[in-house]
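User: Got a minute to go through this one with me? I'd like the overall picture, then some side-chain detail.
Analyst: Sure, let's put it up.

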Amino acid sequence: MVYALQRVFVLSLPLVSVFLTSRSHASDKQQTDLLFQIDGRQFSLKDVAPAEQNRLYEIELSRYRAIEGLARQRFVELKSAPFSSLNSKDNPFAAEEKWLKLSFEPASSEIDKALETFKDERQLQQLPAAERGKVIARYLASQKRMKFLTEVTDKAIEKGEINIALNKPEAPLVEIARSAQAVLGDPKNSIRVVEFTDFQCPYCKKMSNVSSTVLKKYGRQIVWEVRHYPLSFHKQARDAAAAVYCASVQGKLSEAKSWVFEAQEKLAEEKIFSQMAKTLSLNVAQFDKCRSDDATAKLIDADMREGERVGVSGTPTVFVNGRKFQGDPQSLEAWDEMINAAQTNSRIR
């Protein structure tokens, strides 16, 4: 019985990952970290640059997630197999519903609410009115199915019903140089978060709301560094980085960060940063001088070099006490896991 669970669980598996050796088969830490030998000299993980350490980690993590996804998929297939005769063209997941003793079909109130939420979506508006509810119903059912199957297989992993033979890789610890950048929180706090961001990046904008919540929840434990990594194809990102930095010099880092993300679609406007200075009640002369100062440009360049050194390839990229963020940085649950791990594991600050 074949299900379309790949969309739920299975990630792509890079070909290079088949050459990686499972950590579970290593006899000790030294053997696990050994990468290669040249003329009898052994090279381990610590002998390669931080960026390469993180690149290898990403490959191992991709392989682990692919295997984990296959295990989750097979678990669902086996558990729902006794009810496979219930599946039909209209309901291809009836067997899963029978096994879980629930229905994925959304209530009419949920459909109406979603139609209102997505009423301005172009793709939805292009459909005949009679079809929109059906499309939304399928979408909501898919989301509900994904949620329940993930929860069920999470519990199966916790109970040992699903046992992954491969140990989950851990992000390497890397030293990240401090900069003159303004920070949020007390530098003496035990958990150091370093965020490499691009103010024209839509994913960074989405994460900004999550970061505010995280700071409110863990503010007494966290010092949050905002580091600039303006991507070359975002034409206004570098100017935005300079503006946020120069506002931070006047003690308005948090306000400037929020303001620029809110104005993300307007960053190409000629006087956008003059508006920002006025709205945030900045010293305009000082702000303008800072934005055009070579020292500001050098600071942004230094952030980018440091990001490249530790393996930043896109934004947002976040490190917590020297470890690259594991999971989705837009997920509050992932943040809770990272913060808890940082509280108990060995740390680099």
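User: What share of the protein chain is buried?
Analyst: Buried residues account for 42% of the 349 residues in the protein chain. Keep in mind that this is a predicted model.

User: How many helices and strands?
Analyst: The protein chain has 13 helices and seven strands.

User: And the surface? How much area does the chain expose?
Analyst: About 20,100 Å². Carbon and sulfur atoms supply 50% of that area.

User: What about contacts 24 or more positions apart?
Analyst: Take the contacts in the protein chain with a separation of 6 or more. Residues 24 or more positions apart make up 75% of them.

User: OK, packing. Which residues touch the most other members of the largest nonpolar core?
Analyst: W224, M276, F287, V320 and W335. That core has 44 residues.

User: Which element gives the largest share of this core?
Analyst: Helix α8, residues 237-249, with six residues.

User: Is there another core, and what is in it?
Analyst: A separate core of 13 residues lies apart from the largest one. V76, F93, W99 and L149 are among its members.

User: Back to W224. What is it in contact with, leaving aside neighbours within four places?
Analyst: Its partners include V183, L184, V193, M207, V214, L215 and W335. E195, S211 and K257 are on the list too.

User: Where does S211 sit?
Analyst: S211 is in helix α7, which covers residues 202-218.

User: Buried or exposed?
Analyst: S211 is buried, at 4% relative accessible area. The cut-off for buried is under 20%.

User: What does the side chain of S211 have for polar company?
Analyst: The backbone oxygen of S208 is 2.8 Å from a polar atom of the S211 side chain. Beyond four places in sequence, S211 is in contact with W224 and K257.

User: Switching to charges. How many salt bridges?
Analyst: The structure holds 20.

User: Which residue does R227 meet in a salt bridge?
Analyst: D303, at 2.8 Å from N to O. R227 belongs to strand β5, residues 222-228, and D303 to helix α12, residues 294-310. The two are 76 residues apart, so this pair links distant parts of the chain.

User: Are those two buried or exposed?
Analyst: R227 is buried at 2% relative accessibility. D303 is buried as well, at 0%.

User: Which network of salt bridges are they in?
Analyst: The network links R178, R192, E225, R227 and D303.

User: What does R238 pair with?
Analyst: R238 forms a salt bridge with D301, and the closest N and O atoms are 2.8 Å apart. R238 lies in helix α8 and D301 in helix α12, so the bridge ties together parts 63 residues apart in sequence.

User: How accessible are R238 and D301?
Analyst: R238 is partly exposed, at 31% relative accessibility. D301 is partly exposed too, at 29%.

User: One last pair. What about D47?
Analyst: D47 forms a salt bridge with K46, with the closest N and O atoms 3.7 Å apart. That is within the 4 Å cut-off, so the pair counts.

User: And how accessible are D47 and K46?
Analyst: D47 is partly exposed, with a relative accessible area of 37%. K46 is exposed, at 68%. The cut-off for exposed is over 50%, so K46 qualifies and D47 does not.

How values were computed:
Residues are numbered from 1 along each chain as its sequence is written. This is a predicted model: local features need pLDDT of at least 70, side-chain atom pairs count only at pLDDT 80 or more; totals for chains, interfaces and linings use all residues. Side-chain values use heavy atoms; hydrogens and water are left out. A nonpolar core is a set of buried Ala, Val, Leu, Ile, Met, Phe, Trp, Tyr and Cys residues joined through side-chain atoms within 4.5 Å. Buried means under 20% relative accessible area, exposed over 50%, partly exposed in between (1.4 Å probe, protein chains only). Helices (H or I, at least four residues) and strands (E, at least two) are DSSP runs, numbered from the N terminus. Contact means heavy atoms within 4.5 Å. A salt bridge is a side-chain nitrogen of Lys or Arg within 4 Å of a carboxyl oxygen of Asp or Glu. Accessible areas come from the Shrake-Rupley method with a 1.4 Å probe; for residues, only the protein chains shown count as cover. A polar contact is a pair of N or O atoms within 3.5 Å; within protein, one must be able to donate a hydrogen and the other to accept it, and residues adjacent in sequence count only if both atoms are side-chain atoms.
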